[in-house]
Amino acid sequence: LNGSTGHSYIPNLANSDGELHRKVRSHILPMFSQAVAAQMEPVIAGIVDRLFAALPESGEIDLYHRVIKCIPQEFMTRFLGFPEDSASLWYALGDILMGQDPQDPSPASAEIAIRDLDAVSAMVQTVLAEKRHKPGDDHLS
């Protein structure tokens, strides 16, 4: 993202063209094969089971925030090879990428988004440096 904040983050596949798009796409496509999806099925099932098991047995339950929103964020944390304790940063990034909360259009909300983007960027840079020094068998390596 690059705007009036002065922050510049890694471009994604959707907003890249030409050779950069082809290069990124060629590295990403194999990660989404049917074989990889079949291997990840137990991981997803485990995440879903754990999230539902953590729900209270009675009372009002916010399934969106307690389960639905968490599944892709926890999965991508594991799938890419980020530390499991970084999931909360992905939650914040997901909120930012989905857009500003219409219930909170305040400037403070934008400041929180910038803070969270900075935290995600710092975490990604740290993890990338670790993976360069000691690669694993995850997709990020």
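In the predicted model, Ile68 is located in helix α3, an element that spans residues 63-68. This helix supplies three residues, the largest share, to a nonpolar patch on the surface. The patch is formed by Ile68 together with Phe52, Ile61, Leu63 and Tyr64, and these side chains jointly present about 470 Å² of accessible area.

Two members of the patch, Ile61 and Leu63, are also found among the contacts of Leu55, which, when neighbours within four places in sequence are left aside, touches Ile61, Leu63, Arg66 and Val67. Leu55 and Val67 in turn both belong to the largest nonpolar core, a set of ten residues that further includes Met31, Val36, Met40, Ile47, Leu51, Cys70, Phe75 and Phe79. Two or more residues of this core are given by each of the elements α2 (34-53) and α4, with α2 making the greatest contribution, at four residues. A second core, separate from the one just described and comprising nine residues, has Trp90, Leu93, Met123 and Val127 among its members. In soluble globular proteins, nonpolar side chains tend to be buried together.

Helix α4, which covers residues 70-80, has as its buried residues Cys70, Gln73, Glu74, Phe75, Thr77 and Phe79; of these, Cys70, Phe75 and Phe79 are members of the largest nonpolar core. An α-helix has 3.6 residues a turn, so that residues three or four places apart point the same way. After α4 comes Gly81, for which phi takes a positive value, near 100°.

Conventions:
Residues numbered from 1 in each chain as written. Predicted model: local features only at pLDDT ≥ 70, side-chain atom pairs only at ≥ 80, totals over all residues. Heavy atoms only, no water. Patch = residues over 30% accessible without salt bridge, like charges linked within 9 Å, V, L, I, M, F, W, Y side chains within 5 Å. Areas by Shrake-Rupley, 256 points an atom, 1.4 Å probe, with all protein chains shown as cover. Salt bridge = Lys/Arg side-chain N within 4 Å of Asp/Glu carboxyl O. Buried < 20%, exposed > 50% of the residue type's maximum accessible area, 1.4 Å probe, protein only. Core = buried A, V, L, I, M, F, W, Y, C linked by side-chain atoms within 4.5 Å. Contact = heavy atoms within 4.5 Å.
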